[in-house]
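Here are my notes on this one, as promised. Have a look at the model first, then go through the points below.

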Amino acid sequence: MTSMRVAQVSSPGGKFEIVERELPQPGPGHVRITVEACGICHTDAAFVHDAFPGVGFPLVTGHEVAGRIDALGEGVTGWQAGDRVAVGWFGGHCGHCRPCREGHFIDCANLQVPGWAYPGGFAEAMVAPVSALARIPDELSAAEAAPLGCAGVTTFNALRHSAARPGDLVAVLGLGGLGHLGVQYAAALGLDTVAIARGADKKDLAHKLGARHYIDSTATDVAEALQALGGAKVVLATAASSAAMTATVDGLAHRGELVVIGATPEPLAISPLQLIMGSRTVHGHPSGTSQDVQETMAFTALSGVRPMIETMPLEEAGAAFERMLSGDARFRMVLTTGK
Ligand SMILES: [Zn+2]
Ligand SMILES: [Zn+2]
(Lines give C-alpha, C1' and ligand atoms only; values in the text may rest on other atoms or scores of the structure.)
(Ligands and ions follow the chains in the order given, each with its own letter.)
Protein backbone atom coordinates (compact mmCIF):
# COMPACT_ATOMS: atom_id res chain seq x y z
CA MET A 1 0.00 0.00 0.00
CA THR A 2 1.47 3.37 -0.99
CA SER A 3 -1.63 5.53 -0.56
CA MET A 4 -4.41 5.86 1.96
CA ARG A 5 -7.84 7.41 2.18
CA VAL A 6 -8.52 10.25 4.59
CA ALA A 7 -11.64 12.27 5.42
CA GLN A 8 -10.46 15.85 5.15
CA VAL A 9 -11.97 19.32 5.45
CA SER A 10 -10.44 21.69 2.90
CA SER A 11 -11.30 25.04 4.50
CA PRO A 12 -12.68 26.28 7.84
CA GLY A 13 -16.29 25.16 8.35
CA GLY A 14 -16.18 23.07 5.17
CA LYS A 15 -17.60 19.63 4.46
CA PHE A 16 -15.75 16.34 4.87
CA GLU A 17 -14.49 14.80 1.64
CA ILE A 18 -12.73 11.50 1.05
CA VAL A 19 -9.40 11.92 -0.72
CA GLU A 20 -6.35 9.78 -1.41
CA ARG A 21 -3.08 10.80 0.19
CA GLU A 22 0.37 9.36 0.02
CA LEU A 23 1.00 6.94 2.86
CA PRO A 24 3.08 8.89 5.44
CA GLN A 25 6.45 7.55 6.57
CA PRO A 26 7.31 7.58 10.29
CA GLY A 27 10.32 9.74 11.19
CA PRO A 28 12.70 9.12 14.11
CA GLY A 29 10.82 8.32 17.34
CA HIS A 30 7.53 7.92 15.47
CA VAL A 31 5.39 4.99 14.35
CA ARG A 32 2.84 4.60 11.58
CA ILE A 33 -0.51 3.25 12.75
CA THR A 34 -3.09 1.45 10.63
CA VAL A 35 -6.24 3.11 11.92
CA GLU A 36 -9.07 0.69 12.66
CA ALA A 37 -11.42 3.08 14.46
CA CYS A 38 -11.59 6.75 15.43
CA GLY A 39 -14.12 8.40 17.73
CA ILE A 40 -15.66 11.78 16.99
CA CYS A 41 -15.31 14.26 19.84
CA HIS A 42 -17.11 17.59 20.17
CA THR A 43 -13.71 19.30 20.08
CA ASP A 44 -13.31 18.09 16.49
CA ALA A 45 -16.02 20.62 15.60
CA ALA A 46 -13.85 23.40 17.06
CA PHE A 47 -10.95 22.28 14.85
CA VAL A 48 -13.19 22.12 11.77
CA HIS A 49 -14.39 25.65 12.49
CA ASP A 50 -10.82 26.89 13.06
CA ALA A 51 -11.60 27.90 16.66
CA PHE A 52 -8.12 26.89 17.91
CA PRO A 53 -4.95 28.72 16.89
CA GLY A 54 -2.73 27.09 14.31
CA VAL A 55 -5.16 24.58 12.79
CA GLY A 56 -3.93 23.82 9.28
CA PHE A 57 -6.18 23.19 6.25
CA PRO A 58 -6.82 20.86 4.54
CA LEU A 59 -7.51 19.32 7.96
CA VAL A 60 -7.58 15.66 8.96
CA THR A 61 -8.97 15.70 12.48
CA GLY A 62 -9.55 12.86 14.97
CA HIS A 63 -7.97 12.29 18.39
CA GLU A 64 -9.70 9.09 19.55
CA VAL A 65 -7.66 6.69 17.49
CA ALA A 66 -7.36 2.90 17.80
CA GLY A 67 -5.43 0.62 15.50
CA ARG A 68 -2.16 -1.23 15.20
CA ILE A 69 1.41 -0.28 14.48
CA ASP A 70 2.53 -1.13 10.97
CA ALA A 71 5.88 0.65 10.63
CA LEU A 72 8.53 1.89 13.06
CA GLY A 73 10.68 4.98 12.60
CA GLU A 74 14.35 5.11 13.50
CA GLY A 75 15.24 4.71 17.17
CA VAL A 76 11.88 3.33 18.32
CA THR A 77 12.22 0.84 21.16
CA GLY A 78 9.59 -0.96 23.21
CA TRP A 79 7.03 -1.12 20.37
CA GLN A 80 6.65 -3.60 17.54
CA ALA A 81 4.78 -3.80 14.27
CA GLY A 82 1.40 -5.39 15.00
CA ASP A 83 1.02 -3.92 18.51
CA ARG A 84 -2.53 -2.70 19.18
CA VAL A 85 -2.37 0.96 20.20
CA ALA A 86 -4.58 3.93 20.94
CA VAL A 87 -3.74 7.62 20.55
CA GLY A 88 -5.97 10.11 22.31
CA TRP A 89 -6.05 13.86 22.99
CA PHE A 90 -2.54 13.52 24.38
CA GLY A 91 -0.60 13.12 21.15
CA GLY A 92 2.89 13.93 22.45
CA HIS A 93 4.71 16.44 24.64
CA CYS A 94 7.81 18.56 24.14
CA GLY A 95 9.85 17.49 27.17
CA HIS A 96 11.50 20.88 27.63
CA CYS A 97 8.80 23.35 28.75
CA ARG A 98 8.31 24.05 32.44
CA PRO A 99 5.24 21.80 32.94
CA CYS A 100 7.13 18.94 31.20
CA ARG A 101 10.21 19.55 33.37
CA GLU A 102 7.91 19.34 36.40
CA GLY A 103 6.52 16.02 35.08
CA HIS A 104 3.11 17.47 34.22
CA PHE A 105 3.13 16.29 30.61
CA ILE A 106 -0.61 16.80 30.07
CA ASP A 107 -0.09 20.52 30.79
CA CYS A 108 2.75 20.76 28.22
CA ALA A 109 2.91 24.24 26.72
CA ASN A 110 3.51 22.60 23.33
CA LEU A 111 1.10 19.69 23.73
CA GLN A 112 0.56 17.89 20.44
CA VAL A 113 -3.06 16.97 19.81
CA PRO A 114 -3.72 14.66 16.84
CA GLY A 115 -5.82 16.43 14.25
CA TRP A 116 -4.38 19.75 15.38
CA ALA A 117 -0.59 19.42 15.67
CA TYR A 118 -0.44 16.69 13.02
CA PRO A 119 -2.93 14.76 10.84
CA GLY A 120 -5.32 12.74 13.02
CA GLY A 121 -7.34 9.56 12.85
CA PHE A 122 -10.04 10.28 10.28
CA ALA A 123 -7.84 8.25 7.98
CA GLU A 124 -6.72 4.73 7.14
CA ALA A 125 -3.27 5.47 8.60
CA MET A 126 -1.48 8.12 10.63
CA VAL A 127 1.93 8.81 12.12
CA ALA A 128 2.36 9.56 15.83
CA PRO A 129 5.28 9.97 18.26
CA VAL A 130 5.86 7.01 20.59
CA SER A 131 5.13 9.22 23.60
CA ALA A 132 1.49 9.27 22.42
CA LEU A 133 0.99 5.48 22.37
CA ALA A 134 -1.20 3.49 24.76
CA ARG A 135 -1.59 -0.29 24.64
CA ILE A 136 -5.08 -1.66 23.98
CA PRO A 137 -6.00 -4.72 26.09
CA ASP A 138 -7.32 -7.82 24.29
CA GLU A 139 -10.77 -7.46 25.88
CA LEU A 140 -11.52 -4.25 23.97
CA SER A 141 -12.31 -3.99 20.27
CA ALA A 142 -10.78 -1.07 18.38
CA ALA A 143 -14.18 0.66 18.22
CA GLU A 144 -14.59 0.29 21.99
CA ALA A 145 -11.04 1.45 22.71
CA ALA A 146 -11.16 4.54 20.49
CA PRO A 147 -13.41 6.78 22.62
CA LEU A 148 -11.33 6.01 25.72
CA GLY A 149 -8.45 8.16 24.39
CA CYS A 150 -10.43 11.32 25.08
CA ALA A 151 -13.92 10.80 26.58
CA GLY A 152 -12.82 7.78 28.64
CA VAL A 153 -9.56 9.04 30.06
CA THR A 154 -11.05 12.46 30.80
CA THR A 155 -13.83 11.06 32.98
CA PHE A 156 -11.87 8.20 34.59
CA ASN A 157 -8.83 10.32 35.35
CA ALA A 158 -10.93 13.18 36.75
CA LEU A 159 -12.67 10.79 39.13
CA ARG A 160 -9.58 8.91 40.29
CA HIS A 161 -7.72 12.17 40.98
CA SER A 162 -10.68 13.73 42.79
CA ALA A 163 -11.29 13.88 46.55
CA ALA A 164 -13.90 11.09 46.30
CA ARG A 165 -13.19 7.78 47.99
CA PRO A 166 -15.21 4.53 47.76
CA GLY A 167 -18.67 5.03 49.26
CA ASP A 168 -18.68 8.82 48.84
CA LEU A 169 -21.61 10.50 47.13
CA VAL A 170 -20.51 11.61 43.65
CA ALA A 171 -22.71 13.24 41.05
CA VAL A 172 -22.12 13.14 37.31
CA LEU A 173 -23.72 16.08 35.53
CA GLY A 174 -24.78 15.18 31.99
CA LEU A 175 -25.39 11.82 30.27
CA GLY A 176 -23.77 12.29 26.86
CA GLY A 177 -20.51 11.11 25.33
CA LEU A 178 -18.56 11.90 28.52
CA GLY A 179 -21.32 11.50 31.10
CA HIS A 180 -22.43 7.99 30.14
CA LEU A 181 -18.83 6.88 30.78
CA GLY A 182 -18.51 9.03 33.91
CA VAL A 183 -21.51 7.32 35.53
CA GLN A 184 -20.15 3.86 34.71
CA TYR A 185 -16.67 4.67 36.03
CA ALA A 186 -18.06 6.25 39.20
CA ALA A 187 -20.12 3.15 39.92
CA ALA A 188 -17.20 0.84 39.09
CA LEU A 189 -14.96 2.83 41.46
CA GLY A 190 -17.38 2.08 44.30
CA LEU A 191 -18.83 5.58 44.53
CA ASP A 192 -22.43 6.27 45.55
CA THR A 193 -23.30 7.57 42.12
CA VAL A 194 -25.85 10.22 41.21
CA ALA A 195 -26.66 10.99 37.59
CA ILE A 196 -28.02 14.46 36.81
CA ALA A 197 -29.62 15.04 33.42
CA ARG A 198 -32.54 16.78 31.76
CA GLY A 199 -35.85 14.93 31.63
CA ALA A 200 -37.46 11.89 33.27
CA ASP A 201 -36.77 9.71 30.23
CA LYS A 202 -33.06 9.34 31.07
CA LYS A 203 -33.73 7.80 34.47
CA ASP A 204 -33.76 4.18 33.31
CA LEU A 205 -30.56 4.66 31.34
CA ALA A 206 -28.88 6.26 34.36
CA HIS A 207 -29.72 3.26 36.55
CA LYS A 208 -28.66 0.84 33.83
CA LEU A 209 -25.27 2.58 33.71
CA GLY A 210 -24.87 2.08 37.46
CA ALA A 211 -26.26 5.23 39.06
CA ARG A 212 -28.00 4.64 42.41
CA HIS A 213 -29.81 7.99 42.22
CA TYR A 214 -31.19 10.09 39.40
CA ILE A 215 -31.96 13.82 39.45
CA ASP A 216 -34.06 15.31 36.65
CA SER A 217 -32.74 18.88 36.52
CA THR A 218 -35.84 20.10 34.65
CA ALA A 219 -38.14 19.05 37.49
CA THR A 220 -36.04 19.35 40.64
CA ASP A 221 -33.74 21.87 42.35
CA VAL A 222 -30.44 20.05 41.82
CA ALA A 223 -28.62 21.51 44.84
CA GLU A 224 -31.50 20.68 47.20
CA ALA A 225 -31.74 17.17 45.79
CA LEU A 226 -28.01 16.60 46.33
CA GLN A 227 -28.20 17.96 49.88
CA ALA A 228 -31.15 15.63 50.57
CA LEU A 229 -28.79 12.76 49.70
CA GLY A 230 -26.18 14.14 52.12
CA GLY A 231 -24.27 16.48 49.82
CA ALA A 232 -21.87 15.51 47.03
CA LYS A 233 -18.18 15.04 47.71
CA VAL A 234 -17.59 15.57 44.00
CA VAL A 235 -19.66 16.81 41.10
CA LEU A 236 -18.12 15.73 37.80
CA ALA A 237 -19.46 18.32 35.37
CA THR A 238 -19.48 16.77 31.90
CA ALA A 239 -22.35 18.81 30.43
CA ALA A 240 -20.96 21.86 28.61
CA SER A 241 -23.41 24.20 30.36
CA SER A 242 -22.12 26.75 32.83
CA ALA A 243 -25.63 27.36 34.19
CA ALA A 244 -26.11 23.65 34.89
CA MET A 245 -22.68 23.47 36.58
CA THR A 246 -23.42 26.54 38.68
CA ALA A 247 -26.69 24.99 39.87
CA THR A 248 -24.82 22.09 41.50
CA VAL A 249 -22.46 24.12 43.72
CA ASP A 250 -24.82 24.43 46.69
CA GLY A 251 -25.29 20.67 46.48
CA LEU A 252 -21.64 20.04 47.37
CA ALA A 253 -20.80 18.73 50.84
CA HIS A 254 -18.18 20.50 52.96
CA ARG A 255 -14.76 20.11 51.28
CA GLY A 256 -16.68 19.19 48.13
CA GLU A 257 -15.23 19.64 44.67
CA LEU A 258 -16.79 20.77 41.42
CA VAL A 259 -14.60 19.15 38.77
CA VAL A 260 -15.12 20.83 35.40
CA ILE A 261 -14.52 18.83 32.21
CA GLY A 262 -17.38 20.00 29.93
CA ALA A 263 -15.72 22.58 27.64
CA THR A 264 -17.57 25.86 27.25
CA PRO A 265 -16.40 29.51 27.20
CA GLU A 266 -19.41 30.71 29.26
CA PRO A 267 -18.43 32.00 32.75
CA LEU A 268 -19.57 30.14 35.87
CA ALA A 269 -21.75 32.26 38.19
CA ILE A 270 -20.42 31.22 41.59
CA SER A 271 -20.12 33.62 44.52
CA PRO A 272 -17.05 33.60 46.77
CA LEU A 273 -19.39 32.97 49.69
CA GLN A 274 -20.56 29.71 48.12
CA LEU A 275 -16.95 28.53 48.08
CA ILE A 276 -15.86 29.92 51.46
CA MET A 277 -18.72 28.36 53.41
CA GLY A 278 -17.85 24.66 53.49
CA SER A 279 -14.37 25.07 51.99
CA ARG A 280 -15.54 24.08 48.52
CA THR A 281 -13.31 24.08 45.47
CA VAL A 282 -13.80 24.34 41.74
CA HIS A 283 -11.16 23.04 39.40
CA GLY A 284 -10.70 22.05 35.80
CA HIS A 285 -9.32 18.73 34.67
CA PRO A 286 -7.67 18.02 31.30
CA SER A 287 -7.72 14.52 29.80
CA GLY A 288 -4.57 12.56 30.67
CA THR A 289 -1.30 11.30 29.29
CA SER A 290 -0.85 8.23 27.10
CA GLN A 291 -0.07 6.22 30.26
CA ASP A 292 -3.36 7.48 31.74
CA VAL A 293 -5.12 6.33 28.55
CA GLN A 294 -3.51 2.90 28.92
CA GLU A 295 -4.61 2.68 32.57
CA THR A 296 -8.12 3.83 31.60
CA MET A 297 -8.32 1.04 29.02
CA ALA A 298 -6.98 -1.52 31.50
CA PHE A 299 -9.55 -0.46 34.13
CA THR A 300 -12.28 -0.53 31.49
CA ALA A 301 -11.34 -4.09 30.53
CA LEU A 302 -11.30 -5.36 34.11
CA SER A 303 -14.40 -3.51 35.34
CA GLY A 304 -16.77 -4.26 32.48
CA VAL A 305 -17.32 -0.56 31.73
CA ARG A 306 -17.94 -0.07 28.01
CA PRO A 307 -18.53 3.00 25.90
CA MET A 308 -21.88 2.97 24.12
CA ILE A 309 -21.09 3.67 20.50
CA GLU A 310 -22.56 4.00 17.03
CA THR A 311 -20.16 3.08 14.25
CA MET A 312 -20.14 4.41 10.69
CA PRO A 313 -17.58 3.81 7.94
CA LEU A 314 -14.87 6.41 7.32
CA GLU A 315 -16.50 7.31 3.97
CA GLU A 316 -19.50 8.59 5.92
CA ALA A 317 -17.43 10.90 8.15
CA GLY A 318 -19.58 13.89 7.19
CA ALA A 319 -22.84 12.20 8.15
CA ALA A 320 -21.32 10.83 11.37
CA PHE A 321 -20.02 14.29 12.26
CA GLU A 322 -23.49 15.80 11.70
CA ARG A 323 -25.03 13.12 13.89
CA MET A 324 -22.54 13.95 16.67
CA LEU A 325 -23.43 17.66 16.35
CA SER A 326 -27.17 16.91 16.44
CA GLY A 327 -26.85 15.41 19.92
CA ASP A 328 -28.74 12.29 18.79
CA ALA A 329 -25.71 9.96 18.92
CA ARG A 330 -26.01 7.25 21.58
CA PHE A 331 -23.41 8.11 22.78
CA ARG A 332 -20.21 8.29 20.83
CA MET A 333 -19.87 8.22 17.06
CA VAL A 334 -16.94 6.04 15.94
CA LEU A 335 -15.61 5.86 12.39
CA THR A 336 -14.33 2.49 11.20
CA THR A 337 -11.98 1.82 8.30
CA GLY A 338 -12.54 -1.91 7.80
CA LYS A 339 -8.77 -2.40 8.28
ZN1 LIG B 1 -11.82 15.01 22.58
ZN1 LIG C 1 6.28 20.50 27.21
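1. The centres of domain 1 and domain 2 lie 28 Å apart, going by C-alpha atoms. Keep in mind that this is a predicted model. The domain assignment builds domain 1 from two stretches, 3-149 and 288-336, while domain 2 runs over 153-284.

2. Where the two domains touch, domain 1 puts in 15 residues and domain 2 eleven. On the domain 1 side, the top contributor is helix 10 (residues 290-303), with five residues. That side of domain 1 is a mix by class: seven nonpolar, six polar and two charged residues.

3. Now for some strands. Strand 12 (residues 252-260) pairs with strand 11 (residues 232-237) in the parallel sense, over five bridges. Strand 12 also pairs with strand 13 (residues 281-284), again parallel, this time over four bridges.

4. If you want a residue to follow across these strands, try Val 259 of strand 12: it is the one that Leu 236 stands opposite, and Val 259 in turn stands opposite His 283 in strand 13.

5. As for the whole chain, it holds eleven helices and 15 strands. Its C-alpha atoms fill a box of roughly 60 × 40 × 40 Å along the principal axes. The radius of gyration is 20 Å, which agrees with the value near 20 Å for a compact globule of 339 residues.

6. On packing, 50% of the 339 residues count as buried. Of the contacts between residues at least 6 apart in sequence, 68% link residues at least 24 apart.

Methods: Residues are numbered from 1 along each chain as its sequence is written. Chains are lettered from A and ligands numbered from 1 in the order in which they are written. This is a predicted model: local features need pLDDT of at least 70, side-chain atom pairs count only at pLDDT 80 or more; totals for chains, interfaces and linings use all residues. Domain bounds come from an automatic or database domain assignment. Two residues are in contact if their C-beta atoms, placed from the backbone, lie within 7 Å. Helices (H or I, at least four residues) and strands (E, at least two) are DSSP runs, numbered from the N terminus. Ala, Val, Leu, Ile, Met, Phe, Trp, Tyr, Cys and Pro count as nonpolar, Asp, Glu, Lys and Arg as charged, and the others, Gly among them, as polar. Two strands pair if DSSP finds at least two bridges between them. The radius of gyration is taken over C-alpha atoms; the globule rule is 2.2 Å times the number of residues to the power 0.38. A residue is buried if 20 or more other C-beta atoms lie within 10 Å of its own, exposed if 12 or fewer, and partly exposed in between; C-beta atoms are placed from the backbone.
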